[in-house]
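The following paragraphs lead the reader through one protein model, from its overall layout to individual side chains. Please keep the sequence and the structure in view while reading.

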Amino acid sequence: MTVQRALRDLQERGLTYAVVGKGTYVHPQAAQRLDIEDSVGQDEALELNPPIGGRDLNRRMAEYILETDRIAAKLIKAFEARDNDAAQRAVEELEAYKKANKRLAADLARHEAGTDQPDRTNPDNGGEAKPVKRTGRTRKTTR
């Protein structure tokens with residue numbers, strides 16, 4: 001119980017993030033957030049640099065970080081083996097992955113700007129609005 005409470009506190013402060021089925025990881029901006037906390041205090045630091053809200057955006061960012069780390073590890077391994085072909089393939093894979101996740105970058109930029117509205121446009125088709133699937137059914141709630 002104490003460990004769960006500590007992990008929840010770290011996540012609320014934006015120092016860690018959790019990926020369901022994978023684990024809890026240190027947030028890439030944890031050092032920056034701790035520096036801000038040291039200078040202005042924990043409560044004001046949360047106002048100045050709020051953690052990413054919304055489970056979907058947090059999950060997408062965590063998955064992106066994990067995948068880029070996996071590709072970067074392949075690149076490092078190729079450099080250590082002096083395998084230029086494997087290094088080039090890893091660089092191309094990293095570039096393709098970054099390009100495929102432009103919407104995530106846009107959503108994170110909106111979060112930084114304080115709007116936190118998800119991107120409803122498709123950057124691959126000139127920014128046209130993406131249709132939103134809606135159903136007429138409502139969700140049943142269980143007791």
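Two strands are said to pair if DSSP finds at least two bridges between them. In this structure, which is a predicted model, strand β1 (residues 16–19) and strand β2 (residues 23–26) meet that condition, pairing in the antiparallel sense over 4 bridges. Within this pairing, A18 stands opposite T24, a residue of β2. The two strands form a hairpin with 3 residues between them, and there G21 adopts a positive phi near 80°.

The hairpin may now be placed in the chain as a whole. The protein chain contains 6 helices and 2 strands. Read from the N terminus, the order of these elements is α-β-β-α-α-α-α-α. The chain has 143 residues, of which 22% count as buried. Its accessible surface comes to about 11200 Å², and carbon and sulfur atoms account for 51% of that area. As for contacts in the chain between residues at least 6 apart in sequence, 36% of them join residues at least 24 apart.

Helix α2 (residues 30–40) shows how burial can be distributed around a helix axis. Which residues of α2 are buried? They are A30, R33, I36 and E37. These residues cover an arc of only 125° around the axis, and therefore they lie on the same side of α2. The face turned away from this buried side carries the exposed residues A31, D35, D38 and S39. Just after α2 comes G41, which takes a positive phi of about 100°.

The discussion now turns to side chains that connect separate helices. A pair of aromatic rings is described by the distance of the centres and the angle of the planes. A search of the whole structure finds 1 aromatic pair. Its members are Y64 and Y97, which are stacked, with 5.3 Å from centre to centre and 15° between the planes. Since Y64 belongs to helix α4 (residues 55–80) and Y97 to helix α5 (residues 84–100), the pair ties together parts that are 33 residues apart in sequence. Are these two rings buried or exposed? Y64 has a relative accessibility of 22% and therefore counts as partly exposed. Y97, at 21%, likewise counts as partly exposed.

Another residue of helix α4 is T68. T68 is buried, because its relative accessible area is 15% and the cut-off for burial is under 20%. Leaving aside residues up to four places away in sequence, T68 touches L94 and Y97. Y97 thus appears both in this contact and in the stacked pair with Y64.

Charged residues supply further links. Side chains of opposite charge can pair when their charged atoms come close. How many salt bridges are counted in this structure? The count comes to 5. One of them joins R60 and D107, whose closest N and O atoms are 2.8 Å apart. This pair links distant parts of the chain, as R60 is in helix α4 and D107 is in helix α6 (residues 102–113), 47 residues apart. D107 is buried, with a relative accessible area of 5%.

Helices α4 and α5 are also connected through E93. E93 forms a salt bridge with R70, in which the closest N and O atoms are 2.9 Å apart. E93 lies in helix α5 and R70 in helix α4, so this bridge ties together parts that are 23 residues apart in sequence. E93 also meets K74 in a salt bridge, with 2.7 Å from N to O. Because K74 lies in helix α4 and E93 in helix α5, the second bridge ties together parts that are 19 residues apart in sequence.

The three side chains of these two bridges are partly exposed: E93 has a relative accessible area of 25%, R70 a relative accessibility of 37%, and K74 one of 38%. Together with E67, the residues R70, K74 and E93 are linked in a network of salt bridges.

Taken together, helix α4 contributes Y64 to the aromatic pair with Y97 of helix α5, R60 to the bridge with D107 of helix α6, and R70 to a bridge with E93 of helix α5. The same helix α4 also holds K74, the other partner of E93 described above.

Terms used. Residues are numbered from 1 along each chain as its sequence is written. This is a predicted model: local features need pLDDT of at least 70, side-chain atom pairs count only at pLDDT 80 or more; totals for chains, interfaces and linings use all residues. Side-chain values use heavy atoms; hydrogens and water are left out. Rings of Phe, Tyr and Trp (its six-membered ring) pair if their centres lie within 6.5 Å; planes under 30 degrees apart count as stacked, over 60 as edge-to-face and the rest as tilted. Buried means under 20% relative accessible area, exposed over 50%, partly exposed in between (1.4 Å probe, protein chains only). A salt bridge is a side-chain nitrogen of Lys or Arg within 4 Å of a carboxyl oxygen of Asp or Glu. Contact means heavy atoms within 4.5 Å. Accessible areas come from the Shrake-Rupley method with a 1.4 Å probe; for residues, only the protein chains shown count as cover. The arc is that of the directions from the helix axis to the C-beta atoms.
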